[in-house]
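This report looks at a ligand and the space that holds it in a protein model. Please have the sequence and the structure at hand while reading.

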Amino acid sequence: MTAKTDSSAKHFELKLKDRPAGSMSQTEAIQHHYDNDTRFFSLWLDPSLTYSSGRWFDPITGAPLADDLAAAQDAKLAFHLDAAQVTEGTRLIDIGCGWGATLRGASQRGAAHALGLTLSNDQLTHIAAQGWDNVEARLEDAYTFTTDEPYTAAISIGAFEHFAKPGQTRAEKIATYARFFEVMAAALTPNARFSLQTIVWEAVDFEHSNTSLPETVFPESSIPYIEEVVEASAPTFRLVYLENDPRHYAMTLDVWLKNLKAQKALIEAEWGTEKYQFFLDYLRYSRLAFTRRKNSLARFVLQRR
Ligand SMILES: C[S@@+](CC[C@H](N)C(=O)[O-])C[C@H]1O[C@@H](n2cnc3c(N)ncnc32)[C@H](O)[C@@H]1O
């Protein structure tokens with residue numbers, strides 16, 4: 001097979017760095033990364049197509065919870081469903097639902113309604129084809145979400161990283177996050193749980209954090225510090241529980257990298273060498289950021305006031 005030298009993915013563009021900052025809408029920015037063909041992602045993610053860190057070990061004792069990626073994703077899913085208290089009859093909202101693993105898990109627990117929001121067309125199409133009971137996915141921005149019938153639980157995994165914009169001051173970031181928590185509080189019943197997972201900055205000062213997320217990978221995104229999440233959520237949510245450990249993501253990235261490399265020939269033949277190299281570099285760069293503790297992985301359990 002001859003490797004292609006150009007990328008055939010519709011939103012894939014390597015020279016994003018030449019683009020004026022702020023020139024992409026939130027939806028365009030999300031689709032740039034996530035609408036890269038579901039089959040492409042299926043070649044290196046686990047079978048549930050979960051695109052966020054697994055949970056590999058107990059945060060207190062260090063005892064292993066999983067010995068492969070699929071089990072680490074199951075353990076992570078069980079953590080969030082338990083933390084949000086998803087049981088029979090729950091009305092769950094999942095912000096940034098990806099390809100739907102959390103929605104499927106809620107459906108299996110007998111949720112009355114599991115609603116997922118995403119900005120990716122490919123993810124929406126994928127979920128619509130699954131036929132999971134009481135599951136609905138919508139192409140809708142979390143920031144504009146309103147509902148007449150409040151939800152009793154919320155989960156958001158790996159979407160919070162996309163909310164703030166590069167170049168924002170700390171005060172602007174906190175205001176952006178606080179608006180998100182206001183939307184969530186308005187959508188939830190009093191005392192409802194909200195389980196939130198996000199990448200955070202750890203050993204990086206603010207100036208560096210503002211410029212170091214690769215724009216070519218996730219345009220228009222800026223990730224939070226733990227303190228920013230705590231401050232922004234405090235008016236609307238009580239903090240119930242917090243865990244913070246970069247090793248979960250480093251271990252997840254190890255497996256994604258191994259899977260990607262194993263599919264090199266197929267990926268290059270179908271999507272081109274540039275795309276393979278781009279994702280290889282991005283996953284390696286991300287892994288380094290976690291092993292060097294520049295980034296960490298935080299899970300917050302919140303309760304609506
Ligand atoms: C890294 S993926 C995580 C997906 C899934 N939660 C998982 O763990 O596999 C990020 C998700 O957040 C969604 N997202 C990002 N910003 C969003 C926004 N403003 N409104 C709705 N969804 C958003 C993306 O469309 C995508 O589904």
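Which helices and strands each supply at least two residues of the lining of the largest cavity?

## The lining of the cavity

The model is a predicted one, and the description below should be read with that in mind. The elements that each give at least two residues to the lining of the largest cavity are the helices α1, α3 (69–83) and α4 (101–108), together with the strands β1 (91–95) and β2. Among these contributors, α3 provides the largest share of the lining, namely four residues.

By class, the lining of the largest cavity comprises 15 nonpolar, 14 polar and six charged residues.

## The cavity itself

The count of cavities of 30 Å³ or more comes to one, and the largest cavity has a volume of about 510 Å³. There are 35 residues lining this largest cavity, and those closest to its centre are G96, C97, G98, I157 and A159.

The largest cavity is also the space that the ligand takes. In the shell around the ligand, the elements that give two or more residues are α1 (26–34) and β2 (113–118), and the largest share, three residues, is supplied by α1.

## The shell around the ligand

How many residues surround the ligand, and which of them come nearest? The shell holds 22 residues, of which Y51, S52, G96, Q123 and I157 come nearest to the ligand. Sorted by class, this shell contains 10 nonpolar residues, 10 polar residues and two charged residues.

## Polar contacts with the backbone

Two nitrogen-based contacts of the ligand can be described: a polar backbone atom of G96 lies 2.7 Å from a nitrogen atom of the ligand, and a backbone N or O atom of I157 is found 2.8 Å from a nitrogen atom of the ligand. An oxygen atom of the ligand, in turn, is 3.1 Å from a polar backbone atom of L119. Of the 600 Å² that the ligand exposes when taken alone, the protein buries 96%.

Note on methods:
Residues numbered from 1 in each chain as written. Predicted model: local features only at pLDDT ≥ 70, side-chain atom pairs only at ≥ 80, totals over all residues. Heavy atoms only, no water. Near = heavy atom within 4 Å. Polar contact = N/O pair within 3.5 Å; in protein donor to acceptor, adjacent residues only side chain to side chain. Areas by Shrake-Rupley, 256 points an atom, 1.4 Å probe, with all protein chains shown as cover. 1 Å grid on protein atoms, 1.4 Å probe; cavity = no way out; pocket = protein on both sides within 12 Å on 5 of 7 lines; lining within 4 Å. Sits in = over half its atoms within 2 Å of the grid points. Nonpolar A, V, L, I, M, F, W, Y, C, P; charged D, E, K, R; others polar. Points joined across faces, edges and corners; volume = space filled by probe spheres on them.
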